[in-house]
Amino acid sequence: MTVHEGEEQESVPQKKIPLSDAEKRKQKIVPGSLMKAVIKPGGGESTPSDDDRVMYHCTVRTLDGVVVESTRSECGGKGTPIRHVLGKSKMILGLLEGVPTMLKGEVAMFKMKPELHYGEADCPLTVPDSFPKEDELHFEIEMLDFFKVKKVINEGQGWESPREPYEVKAWISAKTSEGKEILSRTHGEPYFFTFGKSEDLSVPKGLEMGIGTMTRGEKAVVYVANQYTTQSPLMPIIEGVEEVWFEIELVHFIQVRDVLGDGRLIKRRIRDGRGDFPMDCPLHDSLLRIHYKGMLLNDEKMVFYNTRVDNNGQPLEFGSGEGLVPEGLEMCVRLMLPGEIALVTCPPDYAYDKFPRPANVPEGAHIQWEIELLGFEMPKDWTGLNFQAIMDEADKIRGTGNRLFKEGKFELAKAKYEKMLREFNHVNPQDDEEGKVFLNARNSLHLNVAACYLKMGECRKSIEACNKVLDASPAHAKALYRRGMAYMSAGDFEEARDDFKMMMRVDKSYEPDATTALVKLKQKEQEVERKARTQFKGLFDKKPGDIAEAGVGNRGDRMLSENQKNDEKEDSDGDKKFLEAEDAPPRMGFLSHLWPTGRRFFTAFGLDRCSIL
């Protein structure tokens, strides 16, 4: 029997090409989960493709228009656009699918379900706990530019690429598109430079952009247009050449991080750790084990503490997010991998100026720490725990928050309380008794958050936290008290009075406390009116055309000083019965108190019917 050639070829099974990780992720996209609306059309006909470097601005908003994060300075960002290499850089799924549809100059709005952004299971990018990754969001993207960057010859290792201010070593050669050699640095020592230091001009701008897309050990050809072959010690500017082809082998780079973004807190990796950055770092609150050596940043580099010597060779164990070590040290340890050794340079305000200072460390000293992260343990997973066990774990974390509050670390305390509230979203009481315990615990956490905001001077946020309790329990006396104190600090005296009076109506046992609060409220009102009279003394006694001096003189200064002392004494006598973690609200500035009582002020002068022309 004769078999035709074509038929024989069809019988041979075809080898399937495995899907890339990006293609596997894109299979998760379902109709309606990603919507695009063009706000401003772009130019040209081409769109970005794999291996293109894309530059774009991104603003993330909730569906009601509240900005969550942005790269734009006018929206609170740094003004620096995002730079990604399609198919190489880690991106959220919605942009992985949406960015390749955009033209240069186009502005588009992408509406994404949670599973298309940071709510995706196994999302390669992490966001702070406060990010609303479970919500549907709008991503406004402006495509600034995209262009071909490189051709990969040999793949590198891992995914991390150099960024400012990493230290880089690479073999580099260059030639024109016609093949004429311009540069060859392939023998001796690899070329060393600090990435992103534009003032040094260590390498041409376009070459640095290309190296910024490479991984350790990668070898590639980077195509750089003439306008990006800027002057540098590596090579002169080549006239009459439209494009330079750089062949690069990225030998090594050292991670250097400007943690604060102002050059003061610098973390320099000395030895690589295990795992991938940042997924395997202790970004969330964990139990950490480190060895560290502390040195004064002076000529002598005097060592003032070494765990291997001064702690009997035992490592330091501490819980992150609990204020147990200097802030700068903890910030850097959170960015380390297990087994990594890093050298940290820290300014005084993030070292020991705001933390108990060792006896041999002078005030205002700049510090250098050599840190080795031995390992870390993540918090206990609540999955599978019964209700009582969950409440016991919650009490431990809340106790830590209360300790931080008493130490004056209000931001850290608030973070502990808010973490518990997020965890409570996944707790489901099984009966009425458990429901009552759960409601009381949740209300207590909201009121502790309100206390933190009050101490931080954010009265409106404190009021919002109290409202979350009062929405569920309108007769909650403690919530009424705390909201009343927040209203009083904000200068909303009528609202504060209403809350204190409501306290007495809902629970007679709190009448003495409400009465004390009302007395303090009256004193605050009188103080504000006295200050107003002093500030505007003589303002309405002058003839038309005269200039009045408003409240200038020693008498007014003495009165303000006395009032401030009275404020301090009253605040120190706060009612501890109501407070989960605080004593009394902070004082607000004079101007914030003045206008809420403006009507009473003008009435006192008989000017309640004045018109302002």
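Which side chain does a polar contact of 2.7 Å join to that of Glu160? The partner is Tyr166, and the first close-up below starts there. Please keep in mind throughout that this is a predicted model.

**View 1. Glu160 and its surroundings in the loop between β7 and β8.** Glu160 sits in the loop that runs from β7 (150-154) to β8 (167-176). Its side chain takes part in a polar contact of 2.7 Å with the side chain of Tyr166, and another of 2.8 Å links the side chains of Glu160 and Gln255. Leaving aside residues up to four places away in sequence, Glu160 also touches Met214, Thr215 and Arg216, along with Phe253, Arg257, Arg269 and Phe277. With a relative accessible area of 11%, Glu160 falls under the 20% cut-off and therefore counts as buried.

**View 2. Two cis peptide bonds that lead into prolines.** As a backdrop, most peptide bonds are trans. Here, the bond from Glu164 to Pro165 is cis, with omega near -5°. Pro165 belongs to the loop between β7 and β8, the loop that also holds Glu160. The bond from Phe277 to Pro278 is cis too, and its omega is near 0°. Pro278 is found in the loop between β14 (266-271) and β15 (287-296). If Phe277 looks familiar, it is one of the residues that Glu160 touches in the previous view.

**View 3. Positive phi at Lys301 and Asn312.** Most residues other than glycine have a negative phi. Lys301 is not a glycine, yet its phi is positive, at about 50°. You will find Lys301 in the loop between β15 and β16 (303-306). Its relative accessible area is 36%, so Lys301 is partly exposed. Asn312 likewise has a positive phi, near 55°. The loop between α5 (307-310) and β17 (316-319) is home to Asn312. Is Asn312 buried or exposed? Its relative accessible area of 73% is over the 50% cut-off, so Asn312 is exposed.

**View 4. Helices α11 and α13 in contact.** Helix α11 (residues 477-490) and helix α13 (residues 511-535) have axes that come within 11 Å and cross at roughly 5°. Because that angle is under 35 degrees, α11 counts as roughly parallel to α13. On the α11 side, the contact is made by Tyr481, Met485 and Met488, while α13 contributes Ala517, Lys520, Leu521 and Lys524. By type, five of the contact residues are nonpolar, none is polar and two are charged.

**View 5. Lys461 in helix α10.** Lys461 is part of helix α10, which spans residues 459-472. This lysine is partly exposed, with a relative accessible area of 39%. Val449 is twelve residues from Lys461 in sequence, and their C-alpha atoms are 9.1 Å apart in space.

**View 6. The whole chain, with a look at confidence.** The chain has 16 helices and 19 strands, and 44% of its 613 residues are buried. Among contacts between residues at least 6 apart in sequence, 70% join residues at least 24 apart. The average pLDDT is 84, and 84% of the residues score at least 70. Two stretches call for care when you look around: over residues 1-12 pLDDT stays under 50, and the model has one contact beyond four places in sequence for them. For residues 547-613 pLDDT also stays under 50, and here the model has 112 such contacts.

Definitions and conventions. Residues are numbered from 1 along each chain as its sequence is written. This is a predicted model: local features need pLDDT of at least 70, side-chain atom pairs count only at pLDDT 80 or more; totals for chains, interfaces and linings use all residues. Side-chain values use heavy atoms; hydrogens and water are left out. Helices (H or I, at least four residues) and strands (E, at least two) are DSSP runs, numbered from the N terminus. Buried means under 20% relative accessible area, exposed over 50%, partly exposed in between (1.4 Å probe, protein chains only). A polar contact is a pair of N or O atoms within 3.5 Å; within protein, one must be able to donate a hydrogen and the other to accept it, and residues adjacent in sequence count only if both atoms are side-chain atoms. Contact means heavy atoms within 4.5 Å. pLDDT is the predictor's confidence in each residue, from 0 to 100. Axes are lines fitted to C-alpha atoms, for helices over the stretch in contact, and angles run from 0 to 180 degrees between N-to-C directions. Angles under 35 degrees count as roughly parallel, over 145 as roughly antiparallel, 65 to 115 as roughly perpendicular and the rest as oblique. Ala, Val, Leu, Ile, Met, Phe, Trp, Tyr, Cys and Pro count as nonpolar, Asp, Glu, Lys and Arg as charged, and the others, Gly among them, as polar.
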